[in-house]
Amino acid sequence: MAQPTWLECALNGAWTRERQPRIPVTVAEIVEEGAAASAEGAAILHFHAYDETTGEQRDDWQIYARIIEGLRARTDAILYPTVPGEATHAPDRFAHIRELATRGLLEWTVLDPGSVNLSAAGSPGRGTVYRNPPRELGPMATFCAEQRLHPGYAIYEPGFTRAGAALARQAGMPTPIYRFMFSDRFLWGFPPRPRFLDAHLALLAECDPGAPWMVAGLDVDLSPLLEHAASRGGGLRAGLEDAPLGTEANNAALTRAAARHARRLATPKEIRAALQPR
């Protein structure tokens with residue numbers, strides 16, 4: 001029997017409504033859209049917390065706890081929040097992750113194993129840097145090993161796979177999940193083409209054979225990749241964080257469209273079982 005396809009919905013991202021008008025922002029909206037995406041087959045839900053007054057991202061563990069508790073009352077999906085970029089100058093970008101994990105509210109966390117320029121096709125000389133310096137990755141990897149948190153790696157560039165595999169081995173972390181990131185608009189990594197996914201997979205087979213992976217991205221139409229990814233045993237990601245900016249569909253509709261590319265979707269229970277020590 002072919003292995004079932006993991007399906008994740010990334011509900012909002014850091015865009016704010018100015019750039020992605022349909023994203024859920026309030027706790028109630030995030031819970032409602034997460035539950036709806038789960039009903040469409042998403043076994044994994046990812047989200048950013050927002051200040052409901054300003055409409056800006058706010059990585060407060062108490063807001064995340066309300067989102068997680070609200071979703072747990074509605075779904076058995078695997079739930080995990082984001083971390084802020086280093087540009088926030090937070091003394092500890094992972095403080096909310098540490099708090100949530102020690103309270104037993106997390107199974108997974110974001111732990112991106114590299115840094116990348118965030119510039120767009122229309123303005124290649126502008127943008128910012130998404131920084132994940134080793135001085136932060138090392139201690140957080142140790143924390144993940146202690147708390148048995150699965151690290152989710154956003155693989156913006158192929159070198160992230162090599163770095164992530166090495167970090168997991170060194171720290172003794174639980175099984176990482178590799179998310180190969182694609183974009184139509186941004187100039188990092190690859191555009192969404194099957195041959196570029198195959199290049200990622202060839203490297204993953206050398207660095208961390210058998211590790212779970214999925215396709216994801218930012219400001220991208222992933223439809224050219226979904227059938228190919230599912231046929232090769234990978235997971236799929238949908239949702240308004242990844243979708244082209246200005247997308248009119250909501251998270252449930254985007255999840256439903258992605259689910260059509262899977263012969264059978266994995267349940268949260270099946271994903272948890274697959275992540276037991278290899």
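Let's start with Thr82, which sits in the loop between E3 and H3. Those labels come from DSSP runs numbered from the N terminus: helices (H or I) have at least four residues and strands (E) at least two. This is a predicted model, where local features need pLDDT of at least 70 and side-chain atom pairs count only at pLDDT 80 or more, while totals for chains, interfaces and linings use all residues. Residues are numbered from 1 along each chain as its sequence is written, and side-chain values use heavy atoms, with hydrogens and water left out.

Is Thr82 buried or exposed? Thr82 counts as buried, at 7% relative accessibility. (Buried means under 20% relative accessible area, exposed means over 50%, and partly exposed is in between, using a 1.4 Å probe and protein chains only.) Leaving out residues up to four places away in sequence, Thr82 touches a long list of partners, including His46, Phe47, His48, Tyr64, His96 and Val110. Contact here means heavy atoms within 4.5 Å.

**The sheet**

Eight strands form an open sheet with parallel pairing, in the order E3-E2-E1-E10-E9-E8-E7-E4. Two strands count as paired if DSSP finds at least two bridges between them. Strands of a sheet pair through backbone hydrogen bonds, either parallel or antiparallel. Which strands stand at the edges? They are E3 (78–81) and E4 (108–110); each has a single partner strand, so one side of each is left without a neighbour in the sheet. From one strand to the next, the twist averages 25°.

Here are three of the pairings, each with one pair of facing residues:

| Strands | Bridges | Residue pair |
|---|---|---|
| E2 (residues 44–47) and E3 | four, parallel | Ile44 and Ile78 |
| E1 (residues 7–10) and E10 | three, parallel | Glu8 and Arg237 |
| E9 (residues 213–217) and E10 | two, parallel | Met214 and Gly235 |

Strand E10 (residues 235–238) is a nice one to look at in the viewer. Gly235 and Arg237 point one way from E10, Leu236 and Ala238 point the other way, and all are buried. In general, side chains of a regular strand alternate between the two faces of the sheet.

**The helices**

Helix H2 (residues 61–72) lies across E2 and E3, running at about 155° to E2. Axes are lines fitted to C-alpha atoms, for helices over the stretch in contact, and angles run from 0 to 180 degrees between N-to-C directions.

Now for two helices that pack together. Helix H3 (residues 95–102) and helix H4 (residues 134–147) meet at an angle of about 10°, with axes 11 Å apart. That makes H3 roughly parallel to H4. (Angles under 35 degrees count as roughly parallel, over 145 as roughly antiparallel, 65 to 115 as roughly perpendicular and the rest as oblique.) Which residues of H3 and H4 meet? From H3 come Ile97, Arg98, Ala101 and Thr102, and from H4 come Pro139, Met140, Phe143 and Gln147. Sorted by class, the contact of H3 with H4 has five nonpolar, two polar and one charged residues. For this sorting, Ala, Val, Leu, Ile, Met, Phe, Trp, Tyr, Cys and Pro are nonpolar, Asp, Glu, Lys and Arg are charged, and the others, Gly among them, are polar.

Helix H8 (residues 251–259) holds Ala257, and Asn251 has its place in H8 too. Ala257 is partly exposed at 30% relative accessibility, whereas Asn251 is buried at 0%. Not counting residues up to four places away in sequence, the contacts of Asn251 include Cys9, Pro24, Glu33 and Leu240. Ala257 and Ser119 are 138 residues apart in sequence and 29 Å apart in space, C-alpha to C-alpha.

**A loop glycine**

Gly189 lies in the loop between strand E8 (177–182) and helix H6 (194–207). Gly189 is partly exposed, with a relative accessible area of 30%. Beyond residues up to four places away in sequence, Gly189 touches Tyr156 and Glu157. Gly189 and Asp221 are 32 residues apart in sequence and 15 Å apart in space, C-alpha to C-alpha.

**The cysteines**

How many disulfides does the structure hold? Zero, where a disulfide is a pair of cysteine sulfur atoms within 2.5 Å. The sulfur of Cys144 is 19 Å from the closest cysteine sulfur, in Cys207, which is too far for a bond. Cys144 is buried at 0% relative accessibility, and Cys9 is buried with a relative accessible area of 0%.
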